[in-house]
Amino acid sequence: MANNSSKITLISPAPDHGLSEMQSPHHGLAYIGATLLKNQYNANVIDAKTLHLKTDEVISQVLREKPDIVGITAMTPDIIWANKIAEGIKKELPKTVIILGGPHCTALPEKTLQEFPFFDFLILGEGEITIIELLEALKNGNGASNFKRIEGIAFRENGKNIITPSRSLISDLESIPFPAWGLFPPSTDYPVYASRGCPFNCVFCMRVLGSKVRVRQPENIVREIEWLVQQNKKFFWFSDETFGVKKEWLYKLLDLIIAKGLNKKINWSANSRVNLADYDTYMKMKEAGCVEINFGIESGSNEILSKVHKGFTTEMAKKAIAIAKKAGFKTGAFFIIGHPYETHSTIKETINLAAELNTTEAAFGLMVPYPGTKVFELANKGEAGYLKASENWDEYRKYFGASLEFKNFSSAELKKYQVKAYINFYIKNYRFKELFLFLYRHKRSLINFIKNKFKKILIPSGIKDDFAKT
């Protein structure tokens with residue numbers, strides 16, 4: 001049973017091998033925490049990623065707190081660890097209700113219920129409204145009829161999986177309180193959502209927040225920025241999937257930031273898109289305090305860009321980076337190795353384009369077939385150069401993972417290309433000091449990667465060890 005005095009613990013899990021891709025405070029969980037506090041629920045957060053907590057440490061902390069309800073968020077590479085946490089809690093606190101949310105269960109609710117028996121409820125899609133309705137239903141009684149009326153959840157009834165109709169996306173984003181960062185360990189900077197949703201159709205993205213762009217009112221966004229300034233923060237980043245799609249709204253926001261003088265107190269970065277690059281807009285963003293723009297360029301092959309529905313060419317990418325540099329921004333570029341129909345030649349084109357662009361930062365991830373994406377479908381059909389997708393969710397990582405098997409590449413070859421891309425990017429541009437700093441910044445992941453590889457080497461013979469191929 002739940003009531004407003006119930007103790008609720010929210011958890012962002014971390015893999016024990018330390019190869020997590022998300023190290024910043026969990027934005028979605030901060031919104032859920034804020035919603036709980038607004039409705040007078042007693043909530044706390046265990047952010048295992050920022051605290052570098054192992055699974056057993058998370059379980060021990062939960063057992064000490066003895067919450068009535070636990071809410072766990074999980075992307076696909078986190079789901080196994082989320083389940084381990086749920087299992088550990090259920091063994092000692094069997095009456096504790098465990099709720100799972102996040103992209104993985106949203107994409108695969110039926111499979112998640114079948115595969116992971118320790119979750120009592122799944123929240124599918126945006127959770128701010130759903131979590132309160134679910135808690136109210138728990139408060140009123142455990143009858144399944146109460147739960148079936150709630151949109152956007154999944155649960156079990158008499159051994160049968162129940163998935164309720166989808167919930168509409170939240171139209172009034174101003175109704176959601178600012179993220180409850182006070183529930184998290186202090187951070188040097190925080191993300192801000194100015195909008196939710198992405199109108200583009202890349203085959204490797206699962207749009208949990210929808211394909212329609214929903215914007216917050218500029219005044220509401222600025223109040224959140226003012227709060228960050230009051231906390232003596234010097235930097236934040238807009239975590240919108242693509243910032244500034246609606247230009248008229250963007251200019252209103254930038255004008256208000258400038259009018260409030262916030263551009264003199266705090267700097268920020270944002271994700272842009274190649275075919276939205278505009279010098280005048282970028283100069284306005286710079287005036288408003290923006291110092292860095294990041295682009296998802298993804299491939300150096302025009303053929304691949306077309307097949308993954310990026311909607312631009314490499315020439316447009318070169319132009320966009322040039323415009324951003326001319327405006328005086330630091331620049332970032334994201335690339336993927338292992339696209340549908342990828343070849344050795346197209347991978348080399350990607351590596352060469354990245355070096356040619358010479359952005360301030362670059363990231364090279366291995367393709368991950370996240371559930372809910374077109375790539376996931378292609379991989380499971382054995383199409384587009386894929387053999388199959390891994391059945392081990394822990395391998396669904398962009399760095400050092402092996403979530404896909406290819407017809408033309410081994411897993412080891414893809415990882416070699418990934419390493420080569422980073423080395424090529426820095427060495428070709430004579431950025432030797434930055435290469436060293438990059439390796440130093442990522443030393444924790446690299447050490448864990450090496451440890452795991454040595455573990456594989458020590459596995460008894462007869463078990464395939466793709467590291468030996470390298």
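A disulfide is taken here as a pair of cysteine sulfur atoms within 2.5 Å. By this rule the count is 0 disulfides. C202 belongs to none, and its nearest cysteine sulfur, that of C205, is 5.0 Å away. Seen from the other side, the sulfur of C205 has its closest cysteine sulfur in C202, at 5.0 Å, which is too far for a bond. With buried meaning under 20% relative accessible area, exposed over 50% and partly exposed in between (1.4 Å probe, protein chains only), C202 counts as buried at 9%, and C205 is partly exposed at 36%.

A word on the basis of these values may help. The model is predicted, so local features need pLDDT of at least 70 and side-chain atom pairs count only at pLDDT 80 or more, while totals for chains, interfaces and linings use all residues. Residues are numbered from 1 along each chain as its sequence is written, and side-chain values use heavy atoms, with hydrogens and water left out.

Helices (H or I, at least four residues) and strands (E, at least two) are DSSP runs numbered from the N terminus, and two strands pair if DSSP finds at least two bridges between them. An open sheet of 6 strands follows the order β8-β11-β12-β13-β14-β15, with parallel pairing. Its edges are β8 (190-192) and β15 (361-366); each has a single partner strand, so one side of each lacks a neighbour in the sheet. From one strand to the next, the twist averages 20°; axes are lines fitted to C-alpha atoms, for helices over the stretch in contact (heavy atoms within 4.5 Å), and angles run from 0 to 180 degrees between N-to-C directions. Strand β14 (residues 330-337) pairs with β15 in the parallel sense over 6 bridges, and A333 stands opposite A362 in β15. Helix α13 (residues 314-326) lies across β13 (290-298) and β14, at about 170° to β13, whereas helix α16 (residues 411-427) lies across β14 and β15, at about 175° to β15.

Rings of Phe, Tyr and Trp (its six-membered ring) pair if their centres lie within 6.5 Å; planes under 30 degrees apart count as stacked, over 60 as edge-to-face and the rest as tilted. The whole structure holds 22 aromatic pairs. Y31 and Y193 are stacked, because their ring centres are 6.4 Å apart and their planes meet at 25°. This pair links helix α1 (residues 27-38), which holds Y31, to the loop between β8 and β9 (195-196), which holds Y193, 162 residues apart. Both Y31 and Y193 are buried.
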